[in-house]
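Biologist: I'm new to this one and I'd like to hear how you back up what you say about it. Can we go through it together?

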Amino acid sequence: MITKQTIDRVFETARVEEVIGEFVQLKKAGSNFKGLSPFVDEKSPSFMVSPVKQIWKDFSTGKGGNAISFLMEHEHYSYPEAIRWLAKKYNIEIEETEQTNEEKEKINERESMFLVSKFAKDYFHDLMLNSQQGKAIGYSYFKERGFTEETIKKFELGYCKDEWDNFTNAALDKGYDIKYLASTGLTIVKEGGKQFDRFKGRVLFPIHSMSGRILGFGGRILTNDKKAAKYLNSPESDIYHKSKILYGIYQAKKEIAKQDNCYLVEGYTDVISFNQSGVENVVASSGTALTSDQIRLVNRLTKNITVLFDGDAAGIRASIRGIDLILEQGMNVKVVQFPDGEDPDSFAKSHSDAELKEYLDSSAKDFINFKVSLLLKEANNDPVKKAGLIRDIVTSISKIPDAIQREVYVQECSNIMDISERVLFSELAQIISKEATNQRKKTSSRSNSNVDPNEPPPEYFLEQEQAQMGLVKGGVSSEKVDQLLILEKEIIRILLLYGNEEANFVDFIEVEDENGKVTIEKESHTNQVSKEVYLHLQDDEIEFTNPLFQEVYFEMIHQLNQAEKIDVNQLTSHKNVEITSLVTSILMDEEDPKRQLSDWERKNIYVTEASKILPKLISDAVFNIRRVLIDRKIEDLITPDPTEEKPVINLELIQDYTNLKIKLYEKLNRVI
């Protein structure tokens, strides 16, 4: 693990404008730099970099952060990979925490396996391009498949000589240990010491990690030997897990993020042919059934997946099960089916680049429409089979985590299948209930030590799901949630921009005279903005409804307890990318080109600076949060409980809350 001292040195040394300047053409714009967004296509620059604050924001996508988060967003590095990249750029020696001998040995073994794999990739690629046998067999095969030299080099394709130990001997001659040649599967070692090349006589497709390291290989045989597998993959190892990697993800990651969509195909050549045709946001499951780990890889880059099927109906029926896995991850799924006898590779080769892109755009179907059109043929007007089809589709819909999205799909299914929404919602509720029951059984079977007493039971979530579907009364309107979120974000904004400043605040004190008459008097005091906000929220026991806002708030309060002030730099360099993004977005909002005001002073219109009306800003935000919470409480009190035969409404309590709200309005109007 990289030491905190190294990470701190990286943050102190790295300059955000220098790092981003390697990927984006920046131009000076006042005290900032601006350029075209590297995440979307645009003509007017909306990408801003602040050297003073050492942060950036892309106003076209809302993304933002520091140098680390830029590398994580643009290059899709993990946090440690981004740190290592910057350390290398600025010649900073990386110090690692002290590890046990066992941990050191494990890391060294993995690193040795990566080094052997890289050597193999370079050796196979060079042999194919520069040896007589490689050119005649391997290179000729790829050229016959229609791949250009540029494409061959992009994917670092290679060839292993049709000799028993050509590669193994070459690796041993270079000093690589047979132990790691065997553990990566590049060399097969038999009892008695016999050893030979796993990929003998095959063309090779190197399999890269998201960051570009070589994990393993896929090898295709070039002879008609029926006893040998057509495709052979590296065996499972400490660095290669077939179910956790997608072929082409390294080459496709930038374009997937830029296009906000990922095409999912089956084989290596499908990926390569699409790339050569200009469709670069494509990956392959490499012939395996799609897994949750593979979907999560794509989910880091986009929420949208388009699954491409060839014309083989039997293959489609088997592969379509993977769609439910994608839906479970909260992703959007579309499906494209190629004509009979065509697959992505053959279609890309037999059509122009423009025709391929047009076909992908025009043929993409929503997963429900596709599933209905596919399965309806099997139902063949049989009512029982049709009912089974409907249950199949509703089961898929039940996998979707987002309740609103589920409702939209239920409505669509209702229209297509000519069945009432109520019936579909009822079926959906039963499926969710059954899943909740199964989950409850699993939970109860675990030891009590693993059960969190603060965690609501599964039926609680079921009630919430049903409430959002309109099956039972409950839930909170989006209008109220949005109102609270706006006010909560305003509190965070005030703390970030003005938290360390001092201001004069007004207290409203209720004073009762001799006759019992109550009047409100004002008292002023000076306090640090962050401490004043903390006291207000603490007095009312107000907690943020948004978990991210709550986490940022806790971070700031922790800083106040430690150092009596808020350190914004710690937040913009936070390891949690979501915190970095939120804080950066708030800090950079004033730089948004679309929000720049006209020269009001030239028109004799003078805008008061926010820092001069801090007491009013804080009072308005806090009092309004109180007002919204009181409104909610009153609504809860006047809404009878449908489970009670004779619901009782507490009019006295409602009146108390109403009086409290009136006092809040008075305070809001009196704040100057």
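**Strand β9 and its surroundings**

Modeller: Keep in mind that this is a predicted model. Let's begin with strand β9, residues 202-208: 7 of its 7 residues are buried, so the strand is largely enclosed by the rest of the structure.

Biologist: What makes a residue in β9 count as buried?

Modeller: The cut-off is under 20% relative accessible area. R202, L204, P206 and H208 point one way from β9, V203, F205 and I207 point the other way, and all are buried. In a regular strand, side chains alternate between the two faces of the sheet.

Biologist: How do you know that β6 and β9 are paired?

Modeller: Pairing takes at least two bridges. Strand β6 (residues 158-159) is joined to β9 by 2 bridges, so the pair meets that requirement. These two strands run antiparallel, and Y159 stands opposite V203 in β9.

Biologist: And which strand pairs with β9 over 7 bridges?

Modeller: That's β10, residues 214-221, again in the antiparallel sense. The bridge partner of L204 is G219 in β10. β9 and β10 form a hairpin with 5 residues between them, and G212 in the turn has a positive phi of about 105 degrees.

Biologist: Why is the phi of E156 worth pointing out?

Modeller: Most residues other than glycine have a negative phi. E156 is not a glycine, yet its phi is positive, near 55 degrees. E156 lies in the loop between α7 (149-154) and β6. E564, also not a glycine, has a positive phi of about 65 degrees, and lies in the loop between α24 (547-563) and α25 (568-572).

Note on methods:
Residues numbered from 1 in each chain as written. Predicted model: local features only at pLDDT ≥ 70, side-chain atom pairs only at ≥ 80, totals over all residues. Heavy atoms only, no water. Buried < 20%, exposed > 50% of the residue type's maximum accessible area, 1.4 Å probe, protein only. Helix = DSSP H or I, 4+ residues; strand = E, 2+ residues; numbered from the N terminus.
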